[in-house]
Amino acid sequence: MHRTALLCALLALPATTLAQGSPAPASTAPAPAATAPTAPAPAAPAEAGNRLQLVNRTGQDATSLQAVRSGRADWGANTLPRPMPTDKSFTLRTRAEAGCRFDIRLTVADGRVAVLRDRDICAEPRVVVEEAALRAAPSRPAAGQPDPKARAASGTGFVVATDRVLTNHHVVDGCDRIFVRTADGRTLPAVPPARVDAGIDLALLAVPGDPGEPLPFRASPEVRRGEGVIAFGFPLAGLLSSDPKLTRGEVNGLNGLGNNPNHYQISAEVQPGNSGGPLLDMQGHIVGVVVSKLHAQNIAKRTGDIPQNVNFAVKGAVAQEFLRRAQITPQAAPSAGAERSAADIGELANRGTVFVRCEK
């Protein structure tokens, strides 16, 4: 075995760890609505709610419009009573207790979808959807369900384009079947062929059925030592709870073990099962793919000392180049302005991060 492999513990959760059973699906219950007051109160006037006027400028009929409070797991019902022609508008009134921040999804006749997140309809009640906002419709999911009796391992992945999930090669290497569990609790099978690069330990999976929202990479790939980062994923499945875990840390070094130029060294704590998960900067943009941690036992045998919290991630620039070779143009966004809170970044990451199950 290569010296680096001896010193580095890959973070896919091995099959023996999952032998006692697969984790339960994450809860998909939508956020509860505000409860009614316990004491009788006069009904609030219609004006207490907020108006949302959506203008369709996509060039074709809109067939579905959904608007829900930001952060809700599902999209709710279609609010359009009939198809809305292009250059027309539709106005709906929200409930007062729903607040101002809304996620909006518009589907048009050819199946493409526009998703607008975290819109403040109190400040800007008129929302115009242009053709440029439309994205390809998700494919239909393939048939098949996980086999609870199968020998299985697990890791993490994240959505990088419509029906495409990025993870580590070692997470899916040797799998007979691969499934992902989405943020809203659905289980979808990956379908061949997968695009892999064992040298940089990355794999791109085709997962029909809308596995989640693509997470944008940081437009400027340069990362400095000391920058804050967040790792997001599914460590120790079957032992910890089935929901994703967030850890915060820093970029410690600009190269990996043995001066590996494809990796960063990070202090965000990761465990088996984190492999393939997103590493995000403090604006919520992808700067790396979690890949491994220093193998404490091997290092202790060599040096007599146990290393503390030494972890690695594939650099975001390396991951983007891999996607381009696979004919995927990754989304990118500038990281500028004030840092977001870790909680806000976790909500953003959750929309496109998936649990990966490998059956062997």
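These are my notebook entries on a sheet, several salt bridges and a helix in this structure, which is a predicted model.

**Entry 1, the sheet.** I began with the strands and found an open sheet of three, in the order 3-5-6, with antiparallel pairing. I then looked up which strands form the edges: strand 3 (62-69) and strand 6 (113-120) each have a single partner strand, so one side of each is left without a neighbour in the sheet. From one strand to the next, I noted a twist that averages 15°. Turning to the pairing of strand 5 (residues 101-108) with strand 6, I found that it is antiparallel and runs over six bridges. To have a fixed point in this pairing I looked up Ile-104, whose bridge partner in strand 6 is Leu-116.

**Entry 2, salt bridges.** I turned next to charged side chains, since side chains of opposite charge can pair when their charged atoms come close. With a cut-off of 4 Å between a side-chain nitrogen of Lys or Arg and a carboxyl oxygen of Asp or Glu, the count comes to 15 salt bridges.

What does Arg-117 pair with? Its side chain meets that of Glu-213 in a salt bridge, with an N to O distance of 1.8 Å. This pair links distant parts of the chain, as Arg-117 lies in strand 6 while Glu-213 sits in the loop between strand 13 (202-206) and strand 14 (217-218), 96 residues apart. For Arg-117 I noted a relative accessible area of 24%, and because buried means under 20%, this residue counts as partly exposed.

I also recorded the salt bridge between the side chains of Arg-95 and Glu-97, at 3.7 Å from N to O. Arg-95 is partly exposed at 48% relative accessibility, and Glu-97 is likewise partly exposed, with a relative accessible area of 43%.

Are the partners Glu-359 and Arg-357 buried or exposed? Both residues are buried, and the closest N and O atoms of their salt bridge are 3.0 Å apart. Lastly, I noted a network in which salt bridges that share partners join Arg-101, Asp-118 and Asp-120.

**Entry 3, helix 4.** I then went through helix 4 (residues 316-325) for burial, and listed Gly-316, Val-318, Ala-319, Gln-320, Phe-322 and Leu-323 as its buried residues. I kept in mind while reading this list that an α-helix has 3.6 residues a turn, so residues three or four places apart point the same way. Just after helix 4, I found that Gln-327 takes a positive phi of about 65°.

Key. Residues are numbered from 1 along each chain as its sequence is written. This is a predicted model: local features need pLDDT of at least 70, side-chain atom pairs count only at pLDDT 80 or more; totals for chains, interfaces and linings use all residues. Side-chain values use heavy atoms; hydrogens and water are left out. Two strands pair if DSSP finds at least two bridges between them. Helices (H or I, at least four residues) and strands (E, at least two) are DSSP runs, numbered from the N terminus. Axes are lines fitted to C-alpha atoms, for helices over the stretch in contact, and angles run from 0 to 180 degrees between N-to-C directions. Buried means under 20% relative accessible area, exposed over 50%, partly exposed in between (1.4 Å probe, protein chains only).
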